[in-house]
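Trainee: Mind if I ask how some of these labels are earned?
Mentor: Go ahead, have a look first.
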Amino acid sequence: MSFSPRPVFQKVELLADLPGKVFSHKTAIYEQHLAPYSTIMDAQIGEGTILGKSYLSRRYADIIRWPIRRLEYSFVLHHALPVLERGRRQKVLGAGCGVTPLPHFFASMDAEVDAVDFDEGVIETLKTARVNEVYGSRVNHQWMDLRRLAFSDSTFDLVTCASVIESLANGDEALVLSELVRVLKPGGTVILTTYVGASDDRLANLKDRKYDEPFHWRTLDGLLAPYVEMLEGGLDSLKILSGLQGGDIERFWTAHRDVGSSWQGIRGYVAMGIVLSKTAQADCAQRAADVHSRSGKSVEGEDRHLESWRSDAADAMLKSQIHRTIELKRALEEKEAVIQEQKRAIEAYKAHMENCQHLQITGQGHVIHRSELSRLVAALKQLFGRKSVRDKGEKRQP
């Protein structure tokens, strides 16, 4: 009898609403491990190096100091360090890496690190700037579509994906999450953070999330539904999001102004931290035996239960793809309608210009056909010529 590994949630945490001392305590791990890399980035900007001249780096030097980002990285580090400290060379994937120095910290912990991003410009910038030499580390940067990762199943001990999935189109985030789970080894850990908005926002009651919008309690429930079976309390554990109000978010940003950042505004979101592990095959076998001893349920029944779970997850992914296809089709139809309207406007303008070639509008609003203009000009010349002769003749009279 074989048992397939499956993902289970270990932790779901709302990263917000922290008073000063608690915030400092929570972000101390960021200050210890990532702040030094931020200092290196500042030096690169000051020296005007290739990395420092990059708009991405200059922008990120501010973003990395945002209070919500310090909380997100602290959450990632807190759950990543136990994996990195297992005493053997760990394989780590940074999904949607951007220009963050986080993968370089992992590499400094003697991990084998792949960092991938779906923006070719980001990867080109990092390679051109020789970012490994800048940080003194070895990270394998690659361009990759996160929806179709070019890695085999069960490759990585640790996968991180910080502040990425909220920037994906509706439906794509579910595909990316399924890929992160696929490439994770049994016993491995996925650490996610994503932006979340207030429950009193007008978008909070929508079941579909638009591109580049934070998640709300409904849309995050929908994303995590295939994976939450083993999460204590199930989807009820996400109820904390349903009580998140706009005032809570404003107070968070007001209380934790960006230290050293030139941007001091208030964003319309906070963040959620999520830890997902993949049970080892032995763990699944033990769980099946436990179920059998407690309830008399057969091991075969447990295996069928796992198959049912995988089927439900596959159905959820398929529904996401279908929804995405319908959304794209609707967008294409709307674009086609706009194009047709523009074509009609162009044809109408052409017809107007064609008509204008035959008409001349006078100052009094009278319309004269151009074909008549030459005859009219000749008549006017003749008229004014006669008046001029008559005036001269009158002047010669005594």
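Trainee: How many disulfides does a search of the whole structure find?
Mentor: Zero. To count, a pair of cysteine sulfur atoms would have to lie within 2.5 Å. Bear in mind that this is a predicted model, where local features need pLDDT of at least 70 and side-chain atom pairs count only at pLDDT 80 or more, while totals for chains, interfaces and linings use all residues. Residues are numbered from 1 along each chain as its sequence is written, and side-chain values use heavy atoms, leaving out hydrogens and water.

Trainee: Why is Cys-97 called buried?
Mentor: Buried means under 20% relative accessible area, exposed over 50%, and partly exposed in between, with a 1.4 Å probe and protein chains only. Cys-97 has 5%, so it counts as buried.

Trainee: And what makes Cys-161 buried?
Mentor: Its relative accessibility is 1%, so Cys-161 gets that label too. Across the protein chain, 44% of the 398 residues count as buried.

Trainee: What makes a group of residues a nonpolar core?
Mentor: They're buried Ala, Val, Leu, Ile, Met, Phe, Trp, Tyr and Cys residues joined through side-chain atoms within 4.5 Å. The largest one here has 89 residues, and Ile-68, Phe-106 and Val-270 are among those with the most contacts inside it. Helix 6 (residues 67–84) gives this core its largest share, 10 residues; helices are DSSP runs of H or I, at least four residues, numbered from the N terminus.

Trainee: Which residues does Val-270 contact, leaving aside neighbours within four places in sequence?
Mentor: Contact means heavy atoms within 4.5 Å. Val-270's partners include Leu-14, Ile-68, Val-196 and Trp-253.

Technical notes
Helices (H or I, at least four residues) and strands (E, at least two) are DSSP runs, numbered from the N terminus.
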